[in-house]
Amino acid sequence: VVNPKGRSKRLEAISKTWGPKSSAIFVVRDMEEFKQSIRTYSVSKGSPYPKPLVVPASISETEGVKRLQHVIRNVLDTEQFME
């Protein structure tokens, strides 16, 4: 989880390091944020990654623990992230 200010640099570093083997999950507020973030991420054809995980509006950005719990619960409990 990277805050929006440092996201581009972090995504670029992940992409350069792992390339097509990366299993990135983008934790975002909405799909528009995902679309903006993916522009800085190198995606390989046929890869199911990166995948978006949208945090509900009921969890604010200042609720770090609640947000992290939501992310962990969803990644572990959802088959879409277990490929």
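This report describes the fold, the strands and the charged residues of one predicted protein chain.

## Overall fold and confidence

The structure is a predicted model. Its chain has 3 helices and 2 strands, and these elements follow one another along the sequence as α-β-α-β-α. Of the 83 residues in the chain, 29% are buried. The accessible surface amounts to about 5900 Å², and carbon and sulfur atoms account for 55% of that area. When contacts between residues at least 6 apart in sequence are considered, 57% of them join residues at least 24 apart.

The predictor's confidence is expressed as pLDDT, which has a mean of 78 over the chain. A value of 70 or more is reached by 80% of the residues. Confidence is lowest in helix α1, residues 4-18, where the mean is 76. It is highest in helix α3, residues 64-77, where the mean is 88.

## The two strands

Strand β1 covers residues 25-28, and it pairs with β2 in the parallel sense over 4 bridges. Within this pairing, V27 stands opposite L53 of β2.

Strand β2 comprises residues 51-54, and its side chains alternate. This is a common pattern, because side chains in a regular strand alternate between the two faces of the sheet. In β2, K51 and L53 point to one face and are buried. P52 and V54 point to the other face and are not buried.

## Residues in and before strand β2

L53 lies in strand β2. Its relative accessibility is 4%, and it therefore counts as buried, since the cut-off for that class is under 20%. The C-alpha atom of L53 is 8.4 Å from that of R29, although the two residues are 24 apart in sequence.

P52 also belongs to strand β2. With a relative accessibility of 24%, P52 counts as partly exposed. Its C-alpha atom is separated by 6.4 Å from that of F34, a residue 18 places away along the chain. P50, by contrast, is located in the loop between α2 and β2, and it is buried, with a relative accessible area of 9%. The C-alpha atoms of P50 and I38 are 7.8 Å apart, and these residues are separated by 12 places along the chain.

## The salt bridge

The count of salt bridges is 1. It is formed by the side chains of E61 and R29, at 2.1 Å from N to O. The pair links distant parts of the chain, 32 residues apart: E61 is in the loop between β2 and α3, while R29 is in the loop between β1 and α2, a helix of residues 31-38. In general, side chains of opposite charge can pair when their charged atoms come close.

Both partners are partly exposed. The relative accessible area of E61 is 47%, which places it in the partly exposed class. R29 belongs to that class as well, with a relative accessibility of 41%.

## A buried arginine without a salt bridge

R67 is located in helix α3. This residue is buried, yet it has no salt bridge. The nearest side chain of opposite charge is that of E61, at 5.6 Å. R67 forms no salt bridge with E61 because that distance lies beyond the limit of within 4 Å that a salt bridge requires.

R67 nevertheless touches E61, together with V27, V55 and I59, when residues up to four places away in sequence are left out. One of these contacts, V27, is the residue that stands opposite L53 in β2. Another, E61, is the residue whose side chain meets that of R29 in the salt bridge.

Conventions
Residues are numbered from 1 along each chain as its sequence is written. Side-chain values use heavy atoms; hydrogens and water are left out. Buried means under 20% relative accessible area, exposed over 50%, partly exposed in between (1.4 Å probe, protein chains only). Contact means heavy atoms within 4.5 Å. Accessible areas come from the Shrake-Rupley method with a 1.4 Å probe; for residues, only the protein chains shown count as cover. pLDDT is the predictor's confidence in each residue, from 0 to 100. Lys and Arg count as positive and Asp and Glu as negative; His and the chain ends are not counted. Two strands pair if DSSP finds at least two bridges between them.
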